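User: I am new to this structure and would like a close look at a single part of it. Please take one residue, describe its surroundings, and then go on to what lies around it.

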Amino acid sequence: MSLLQVEDLTKSFAGLTAVDSVDVTVADREFLGIIGPNGAGKTTLFSLLAGQLPPTRGRVVFDGRDITGWSPAKVADAGLVRTFQLMRPFESMSVLDNVAIAAHHRHRSRKAARRHALEVIDRVQLDRYVHSPSGSLPTAGLKRLELARALALEPRLLLLDEVLAGLVPAERAPIIELLREIHADGVTVMFVEHIMAAVMALSERLLVMAEGRELALGDPQQVIADPRVIEAYLGEDYA
Ligand SMILES: Nc1ncnc2c1ncn2[C@@H]1O[C@H](COP(=O)(O)OP(=O)(O)OP(=O)(O)O)[C@@H](O)[C@H]1O
Ligand SMILES: [Mg+2]
């Protein structure tokens, strides 16, 4: 069963087509990796799916409903949630309050929202920072906070935009494990990442984007052996 169908999705900015006629279907509970050079349109694709940008053309069907043109809040309520490559927590607010704001979308009462926020904070292992201002978190903590804010919205489809960027390998490993658990719990994931070891460890299928288009899509091992993918992104050294 497919959870997401993207048809002819296109976004043009003055003179530049950042996402160019993308067609992709994501199965329920799938883990789809997405790679491609800087400027390939990966983040723009996420912004189109999550409602931050209106498409120039095309359609997004999520869980059987046409969500094209919906607001980000309405898309999130429907269960499609993204993280941001450039994180923007409320820095003076505590970790708990940042996550509780997100949890409020699912829980009307302040008490229930805080209780749920605390569970999610535990889950991402930020418990020792619960009352710290978000602005005081180290990079790895900010990444965990970004994940927590997304999880507090109880997504069915989670779009992850470079959640490992800026981390050293020792910080990446526990987050990769956390992503594995989130997926095992039944969340469908689209995972934009440049760290190839993580992409290969987690992805069930791999989409390669270049210049706004799908360059390759399929079994990760086959995709990374594709000469066009090596030329456009991976380079001969990786091969
Ligand atoms: N709001 C905007 N206005 C104009 N051009 C934009 C806008 N957002 C993105 N672009 C352009 O669209 C193209 C795709 O950008 P995008 O951020 O989606 O790439 P990306 O694949 O996420 O790259 P990276 O790996 O560096 O994060 C780039 O050329 C970028 O400069
Ligand atoms: Mg990007």
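Analyst: The part chosen here is serine 47, and the model is a predicted one. Leaving aside its neighbours within four places in sequence, serine 47 touches Gln52, Leu53 and Arg82. With Arg82 there is also a polar contact: the side chain of serine 47 and the side chain of arginine 82 meet at 3.3 Å.

Is serine 47 buried or exposed? The residue counts as buried, because its relative accessibility is 10% and the cut-off for buried is under 20%. As for its place in the fold, serine 47 is in helix α1, which covers residues 42-50. A distance helps to place the residue in the chain: glutamine 221 is 174 residues away from serine 47 along the chain, and the C-alpha atoms of the two are separated by 28 Å.

The helix that holds serine 47 also leads to ligand 1. α1 gives three residues to the shell around ligand 1, the most of any element. The shell has 14 residues, of which Asn38, Gly39, Lys42, Thr43 and Thr44 come nearest to the ligand. By class, five residues of the shell are nonpolar, seven are polar and two are charged.

Several short distances between the protein and oxygen atoms of ligand 1 can be listed. A polar atom in the side chain of threonine 44 is 2.6 Å from an oxygen atom of ligand 1. In asparagine 38, an N or O atom of the side chain lies 2.9 Å from an oxygen atom of the ligand. With alanine 40 the backbone takes part, as one of its N or O atoms is 3.1 Å from an oxygen atom of ligand 1. On its own, ligand 1 has 640 Å² of accessible area, and the protein covers 62% of that. The elements that give two or more residues to the shell are β2 (16-27) and α1.

One other part of the chain is a pair of strands. Strand β9 (residues 205-210) and strand β10 (residues 213-218) run antiparallel and are joined by five bridges. Within this pairing, valine 208 stands opposite alanine 216, a residue of β10. β9 and β10 form a hairpin, with two residues between them. Glutamate 211, in the turn, has a positive phi of about 50 degrees.

To return to the starting point, serine 47 is a buried residue in helix α1, and its side chain makes a polar contact with the side chain of arginine 82.

Conventions. Residues are numbered from 1 along each chain as its sequence is written. Chains are lettered from A and ligands numbered from 1 in the order in which they are written. This is a predicted model: local features need pLDDT of at least 70, side-chain atom pairs count only at pLDDT 80 or more; totals for chains, interfaces and linings use all residues. Side-chain values use heavy atoms; hydrogens and water are left out. Helices (H or I, at least four residues) and strands (E, at least two) are DSSP runs, numbered from the N terminus. Buried means under 20% relative accessible area, exposed over 50%, partly exposed in between (1.4 Å probe, protein chains only). Contact means heavy atoms within 4.5 Å. A polar contact is a pair of N or O atoms within 3.5 Å; within protein, one must be able to donate a hydrogen and the other to accept it, and residues adjacent in sequence count only if both atoms are side-chain atoms. A residue is near a molecule or strand if one of its heavy atoms lies within 4 Å of it. Accessible areas come from the Shrake-Rupley method with a 1.4 Å probe; for residues, only the protein chains shown count as cover. Ala, Val, Leu, Ile, Met, Phe, Trp, Tyr, Cys and Pro count as nonpolar, Asp, Glu, Lys and Arg as charged, and the others, Gly among them, as polar. Two strands pair if DSSP finds at least two bridges between them.
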